[in-house]
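Welcome! Here is a short tour for someone meeting this structure for the first time. Take a look at the picture, then read on.

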Amino acid sequence: MTAQNAPLVGIIMGSDSDLNIMQDAAAVMQEFGIPFELTVVSAHRTPLRMINYAQQAAQRGLKVIIAGAGGAAHLPGMVASVTSLPVIGVPVKSSNSIDGWDSVLSILQMPNGVPVATVALNAAKNAGLLAAQIIGTSDSAIAQKMDTYKANMNQAVLDKAGKLSK
Ligand code: RP5
């Protein structure tokens with residue numbers, strides 16, 4: 001991988017069973033043309049891999065980490081405890097979850113000093129958009145794409161409202 005397309009966003013998940021949700025974040029990266037990487041890093045099953053990933057993320061050039069997990073979802077918080085990069089947490093509703101509350105609360109209820117930007121249950125798309133906005137603070141082309149994205153979303157709602165009010 002060359003420096004030109006080195007990943008800026010790391011998308012990690014606790015299990016490959018999270019992929020059907022987390023691929024929504026990858027789709028946003030593709031839509032905005034942001035280089036990213038996607039892999040499985042488990043807080044409980046591969047703890048040393050998690051520590052290594054978080055420790056090396058900034059020096060490898062990543063700017064944001066999106067971490068998704070379900071159940072006892074410690075991955076985003078533990079990664080955030082090791083890196084100074086912004087970490088976006090995606091609570092994944094795993095099949096044996098308590099309506100997803102386990103995932104949401106384990107990612108949301110971080111102690112003071114170790115923030116995780118937690119999105120809604122299964123909201124990997126919003127995690128991708130938030131990562132794009134963070135990248136956009138130092139990349140005007142990405143910021144411009146985000147402006148266009150929001151303008152299109154606004155127009156789509158106006159179009160639907162116009163059809164309804166006839
Ligand atoms: C978590 O446990 C993963 O993030 C996943 O959401 C959940 C279930 O994992 P698998 O048993 O399907 O691998 O660690």
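## Around the ligand

The shell of residues around the ligand is made up of three nonpolar, seven polar and one charged. Please keep in mind that this is a predicted model.

Which residues surround the ligand? They are M13, G14, S15, S17, D18, S42, A69, G70, G71, V92 and S94.

## The annotated domain

The UniProt record, an unreviewed entry, places the feature "domain: PurE" at residues 7–157. Across residues 7–157, helix accounts for 47% of the chain and strand for 17%. The C-alpha atoms at the two ends of this stretch are 33 Å apart.

## How α2 meets α3

Now to the helices. Two packed helices are described by the angle between their axes and the distance between the axes.

Helix α2 covers residues 47–56 and helix α3 covers residues 75–82. Their axes come within 8 Å and cross at roughly 50 degrees, which means that α2 is oblique to α3. The crossing of these two helices, α2 and α3, is right-handed.

Which residues meet here? From α2 come M50, I51, A54 and Q55, and they meet L75, M78, V79 and V82 in α3. Sorted by class, the contact of α2 with α3 has seven nonpolar residues, one polar and no charged.

## How α5 meets α6

Further along the chain you will find helix α5 at residues 124–136 and helix α6 at residues 140–164. They pack at an angle of about 135 degrees, and their axes are 7 Å apart. Because of that angle, α5 is oblique to α6. Is the crossing of α5 and α6 left-handed or right-handed? For α5 and α6 the crossing is left-handed.

On the α5 side, the contact is made by A132, Q133, I135 and G136, while α6 brings I142, A143 and M146. In the contact of α5 with α6, five residues are nonpolar, two are polar and none are charged.

## How α1 meets α5

Helix α5 also has a crossing with helix α1, which spans residues 19–32. The axes of α1 and α5 come within 7 Å and cross at roughly 35 degrees, and this crossing of α1 and α5 is right-handed.

Helix α1 makes the contact through I21, M22, D24, A25, V28, M29 and F32, and α5 through A124, K125, A127, G128, L129 and A132. By class, the contact of α1 with α5 has 10 nonpolar residues, one polar and two charged.

Key:
Residues are numbered from 1 along each chain as its sequence is written. This is a predicted model: local features need pLDDT of at least 70, side-chain atom pairs count only at pLDDT 80 or more; totals for chains, interfaces and linings use all residues. A residue is near a molecule or strand if its C-beta atom, placed from the backbone, lies within 6 Å of it. Ala, Val, Leu, Ile, Met, Phe, Trp, Tyr, Cys and Pro count as nonpolar, Asp, Glu, Lys and Arg as charged, and the others, Gly among them, as polar. UniProt positions are given in the numbering used here, feature names are shortened, and annotations may be inferred rather than shown by experiment. Helices (H or I, at least four residues) and strands (E, at least two) are DSSP runs, numbered from the N terminus. Axes are lines fitted to C-alpha atoms, for helices over the stretch in contact, and angles run from 0 to 180 degrees between N-to-C directions. Angles under 35 degrees count as roughly parallel, over 145 as roughly antiparallel, 65 to 115 as roughly perpendicular and the rest as oblique. A crossing is left-handed if the near helix is turned anticlockwise from the far one by less than a right angle, and right-handed if clockwise. Two residues are in contact if their C-beta atoms, placed from the backbone, lie within 7 Å.
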